[in-house]
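Let's take a walk through this one together, chain by chain. Have the viewer open and follow along.

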Amino acid sequence: MLSKTQILQAMAAPLERRLIVSPLLDPSQIGDVSVDLRLGFEFVVVKRANVPSVSPLDKKEAPAQALKSQESMLVPRGQKLVLHPGELIVGTSLEYLRLPPNLGAYVTSRSSWGRAGLVIATAVAVAPGYTGVITLELTNVGNAPLVLSPGVRIAQILFHQVGADVTYAGRYRCPTGPELGRIHEDPELPFWLAQSSVPLSSGPTNS
Amino acid sequence: MPHFAEADEVRRRSIYLLTSISEQLLSLSARDYPTESPKRFIAYLERLVSGLHRLLLADDNTDTIKLICRFVKDLGSHVRFLETASYPRIPWAVIAPMENLMTSIVPEAEIVLRAQWSWNYRIRQIASLYKEALEALPHEYFNDSVFAANSPAWNVVSLPTMDRGNILMHVILGHEVGHRIADQFLSGEDEQALQQEILALVGDGKWFDINIEQNGPLFAMNIKAALFRQINDMRSGGLQELISDIVAFHLFGPSFLFAIRESSLDSVLDGVPIPRSYHPPWRYRYRQVIREYQRQGYPPLLASLGGSLILDTIRQACLRQLEDIVDLTQDTTDIQAIQGDKIATRAYQLIERVVPQIPSFVESKLQGLAFVPNEFKVMQEQLLSRIALGIPPAEVDGKVVNFRDVILAGWLYRISRLPVPFSAAAVVSVEDDITLQRLVHKALEYTNTIEEYGRWHNQEKGD
């Protein structure tokens with residue numbers, strides 16, 4: 001795990017290998033071993049819709065189902081976002097990050113929010129070379145509605161060295177806002193969704 | 001059996017329509033808007049609706065009630081302006097800086113920015129439209145809206161929905177607000193002198209029709225009046241566009257030149273001005289803007305960019321594009337087309353006399369608001385390097401930059417047709433354009449946030 005000194009060194013490296021967290025509104029966001037991330041302004045809210053089910057694996061139906069069951073929302077500075085118990089809202093960090101090829105990262109809740117019942121990320125690992133905002137899957141696992149506001153420090157990101165430089169090969173190209181999942185783009189899916197063509201009886205037989 | 005009470009029926013119908021507008025305004029007030037401006041416009045419309053309602057109940061004059069009913073139908077169609085001013089119908093981060101810039105230029109104006117389905121940028125003066133329509137009605141019902149002493153001059157500015165994500169193109173909004181400065185120029189002209197000039201150009205009208213006097217003096221007078229009107233309209237329509245172009249160039253620099261070139265790629269360059277809009281030929285417009293580009297010293301600034309493969313490629317591509325536009329303006333086929341039209345020839349004689357005055361007039365009106373390319377080389381090189389890495393071009397050495405510098409960096413990168421993020425092996429596609437637009441939009445969000453946070457932070461420290 002990188003210390004504050006190492007994080008600052010990574011942020012001062014030549015541009016191509018620099019750790020970028022932009023905008024870093026306040027230097028106090030850099031803690032002893034982490035950087036505080038703020039909540040961004042745009043959200044995708046899952047709403048009740050006449051969709052019988054959501055099939056993220058269905059390449060044909062998934063995008064339309066998502067559009068029908070999700071709604072984009074802007075919460076400008078000074079306004080509030082209420083997260084009800086059990087509700088899922090997809091948001092992002094206010095900050096845009098670029099990890100150099102030798103650093104990976106983990107995103108975690110800030111403990112004060114965790115104690116209030118907020119889970120901020122279910123996809124916590126950030127690959128080396130990733131460039132974009134960090135998606136935050138916000139869930140309220142408490143019993144009372146939680147009031148959130150853009151700009152509040154909601155998560156922290158911890159960095160670590162990787163053994164060798166890694167070139168980012170993920171699906172997300174410089175995301176700037178909450179994006180829909182792309183599980184249906186997984187290249188292995190056609191295999192796993194197709195029925196086996198090998199008859200069950202064609203296994204090895206004793207001769 | 002009672003007679004059909006027409007006034008009561010029209011009154012009932014008008015009240016029904018007003019109720020419908022009120023419901024729609026209530027529903028629209030619950031939407032997310034990027035600034036407070038649309039909500040203030042909703043409140044303004046609600047006051048107007050309330051005034052109309054009160055007047056309908058108080059007035060028994062059938063003509064007045066019919067006039068109100070017709071106005072209410074028009075008013076109802078304006079609710080659509082708000083529908084497309086809300087998130088996510090518009091590129092929200094570009095709205096606040098554009099709105100601020102526009103209201104700085106025309107301080108008495110209030111602006112609602114919205115998307116429209118047709119591909120066009122447009123500015124509508126809504127408040128003056130309402131004032132004109134309601135002039136004949138008792139003003140006391142509208143003293144808190146249209147006829148209030150400090151009533152804001154509401155303008156609805158539209159951008160095309162199809163291009164809403166194309167942030168770079170929205171510098172054309174500078175042209176739209178430029179129309180208000182063009183209005184000031186035209187209203188400040190010596191009308192009598194202009195009238196004499198046009199009358200002299202109309203003359204006996206034989207240049208238009210050699211047989212003008214054959215059908216009697218009344219017919220000849222009608223023809224000459226029509227010629228007067230057309231020359232005057234073509235002149236003022238042409239100047240409206242040319243002045244607005246110069247305003248936009250002063251506000252956005254080369255970004256505006258790139259934007260009008262891209263937006264007119266599918267247009268005829270030498271089209272003779274036609275009635276209603278009377279837009280000058282595109283080539284003629286490019287010529288005026290290119291003159292400003294050269295006069296304001298941009299060519300050496302752009303030539304100073306470089307020092308890496310990416311920056312050298314960008315410099316070469318941008319200079320090549322601008323030289324191509326210069327080449328286009330050296331061709332005079334637009335002027336030949338104008339000279340081939342008897343009315344346009346005369347209107348453009350008058351325009352040519354005014355054109356040299358436009359830059360100094362615009363400068364005097366935009367004091368302190370014009371785009372100044374401070375530290376051009378250092379700033380643009382850093383912003384372009386960020387784009388090449390796939391990072392929003394919002395900061396230079398940790399300091400926030402003006403939103404117009406951000407947009408210029410976006411244009412310079414775009415003209416070079418390099419992939420985003422840069423990769424020597426990648427093939428450029430529309431996806432790169434989309435990514436670039438998103439990064440520029442994100443940078444605008446950041447410049448707003450950094451600036452506001454910095455202001456708050458300094459205040460806190462001061463306290």
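We'll start with chain B, move to where the chains meet, and finish with a sheet in chain A.

Keep in mind as you look around that this is a predicted model. Chain B is a good place to begin. Its C-alpha trace spans about 90 × 70 × 45 Å along the principal axes, and its secondary structure comes to 19 helices and five strands. Of the 463 residues in chain B, 40% count as buried. If you look at contacts in chain B between residues at least 6 apart in sequence, 80% of them join residues at least 24 apart.

How does chain B break up into domains? The domain assignment gives domain 1 at 6–164, domain 2 at 179–365 and domain 3 at 376–462. Take domains 1 and 2 of chain B: their centres, taken over C-alpha atoms, are separated by 33 Å. Where these two touch, five residues of domain 1 of chain B are in contact with four residues of domain 2 of chain B. On the domain 1 side of that contact, the residues split into five nonpolar, no polar and no charged.

Now for the meeting of the two chains. Here 22 residues of chain B are in contact with 15 residues of chain A. Which element supplies the largest share of the chain B side? That's helix α19 of chain B (residues 430–462), with nine residues. As for the make-up of the chain B side that touches chain A, count 13 nonpolar residues, five polar and four charged.

Over in chain A, a word on confidence. The average pLDDT of chain A is 87, and 93% of the residues score at least 70. Confidence in chain A is highest in helix α1 (residues 4–11), at a mean of 97, and lowest in helix α2 (residues 62–69), at 75.

The last stop is an open sheet in chain A, where four strands run in the order β2-β12-β7-β9 with antiparallel pairing. Why do β2 (35–38) and β9 (125–126) of chain A each have one side without a neighbour in the sheet? Both stand at the edges with a single partner strand each, so one side of each is left without a neighbour. As a reminder, strands of a sheet pair through backbone hydrogen bonds, either parallel or antiparallel. Zoom in on the β9 end: strand β7 of chain A (residues 103–109) pairs with β9(A) in the antiparallel sense over two bridges. To pick out one pair by name, A:Tyr106 has A:Ala125 in β9(A) as its bridge partner.

Notes: Residues are numbered from 1 along each chain as its sequence is written. Chains are lettered from A and ligands numbered from 1 in the order in which they are written. This is a predicted model: local features need pLDDT of at least 70, side-chain atom pairs count only at pLDDT 80 or more; totals for chains, interfaces and linings use all residues. Domain bounds come from an automatic or database domain assignment. Two residues are in contact if their C-beta atoms, placed from the backbone, lie within 7 Å. Ala, Val, Leu, Ile, Met, Phe, Trp, Tyr, Cys and Pro count as nonpolar, Asp, Glu, Lys and Arg as charged, and the others, Gly among them, as polar. pLDDT is the predictor's confidence in each residue, from 0 to 100. Two strands pair if DSSP finds at least two bridges between them. A residue is buried if 20 or more other C-beta atoms lie within 10 Å of its own, exposed if 12 or fewer, and partly exposed in between; C-beta atoms are placed from the backbone.
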